[in-house]
Amino acid sequence: MKDLSRRKRGAPRKEDRTKRLQEWKPRTQLGRLVVEGKINSLEESFAEGMKIREPQIVDMLLPNIEEEVINVSLVQKQSDAGEKSRFKAIVVVGNRDGYLGLGAGKATQVRNAIEKASVDARLNITIVRRGCGSWECECGLPHSLPFETVGKRGSVRVRIIPGPRGLGLVASEGAKSILKLAGVRDCWTKSYGSTRTVPSFAYAVFDALKKTFEMITPKDWV
Ligand SMILES: [Zn+2]
């Protein structure tokens, strides 16, 4: 696996989104409700328990969404017809304010792999709960996470620990991109396992952040 992300980073994709929206004819109930203006936020769609099956839903409800290519690698597979190589892209999307998605895509062309990953990331969008879980800080502002969280993917495990205001992101480059797009500004990260496998590492970070939303804290019972 060869890392090509440096060279391929920053490929223009804004047109893809505009084109996607212009040509959109909703196929799902949620898509129709969004177009009709009956659902105006992703929170509402989550509260209704509706799954996002069309990327345009996210583009429409989060017009300021940003995306970044985390990794592009060349995947070679031996088949009867000989060697087949495809590109695999990992893309993160987020609004820097609590919404985050991570996705993967494979294709024979880099651009198509990125496009597929960017659609997949939108379909995986989740809410990241933020807060100030740092005992050194206790400011109550949503600059970090409300509590420590652990994520897993394959053999990789990532711990994200709330940090005081001004600490910044103590994390590797890949993790920083993900944390930034989620809107987390101060935290420590610790990782275990084969963390150089970028896709697994990115998914472990995403898993940890996703858990902040899935986890119910004693505060919520009150
Ligand atoms: Zn704080």
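Is Cys-139 buried, partly exposed or exposed? Partly exposed: its relative accessible area is 28%. The notes below start from this residue and concern a predicted model.

1. Zinc donors. Cys-139 binds the zinc ion through SG. The other protein donors are Cys-132 (SG), Cys-137 (SG) and His-143 (NE2). The donors lie 2.2 to 2.3 Å from the zinc ion. Their spacing in sequence is C-x4-C-x1-C-x3-H.

2. Zinc geometry. The 4 donor atoms subtend angles of 99 to 115 degrees around the zinc ion, so the arrangement is tetrahedral. Tetrahedral here requires all angles to lie between 85 and 135 degrees.

3. Exposure of two donors. Cys-132 has a relative accessible area of 18% and is buried, whereas Cys-139, at 28%, is partly exposed. The cut-off for buried is under 20%.

4. Arg-130. This residue sits in the loop between strand E4 (126-127) and strand E5 (149-153). Beyond its neighbours within four places in sequence, Arg-130 is in contact with several residues, including Arg-96, Asp-97 and Gly-98. Pro-142, Ser-144, Leu-145 and Pro-146 are also among its contacts, as are Ala-182, Gly-183 and Val-184. Phe-147 is 17 residues from Arg-130 in sequence; the C-alpha to C-alpha distance is 8.7 Å.

5. Helix pair H2 and H6. Helix H2 covers residues 14-22 and helix H6 residues 110-123. Their axes come within 11 Å and cross at roughly 60 degrees. H2 and H6 are therefore oblique to each other. The crossing is right-handed.

6. Residues at the H2 and H6 contact. H2 contributes Glu-15, Asp-16, Arg-17 and Arg-20. On H6, they meet Arg-111, Glu-115, Ser-118, Val-119 and Arg-122.

Technical notes. Residues numbered from 1 in each chain as written. Predicted model: local features only at pLDDT ≥ 70, side-chain atom pairs only at ≥ 80, totals over all residues. Heavy atoms only, no water. Donors = N, O, S within 2.8 Å, 3.2 Å for Na, K, Ca; no water. Tetrahedral: all angles 85-135°; square planar, octahedral: opposite > 155°, others 65-115°. Buried < 20%, exposed > 50% of the residue type's maximum accessible area, 1.4 Å probe, protein only. Axes fitted to C-alpha atoms, helices over the stretch in contact; angles between N-to-C directions. Helix = DSSP H or I, 4+ residues; strand = E, 2+ residues; numbered from the N terminus. Parallel < 35°, antiparallel > 145°, perpendicular 65-115°, else oblique. Left-handed = near helix turned anticlockwise from the far one by under 90°. Contact = heavy atoms within 4.5 Å.
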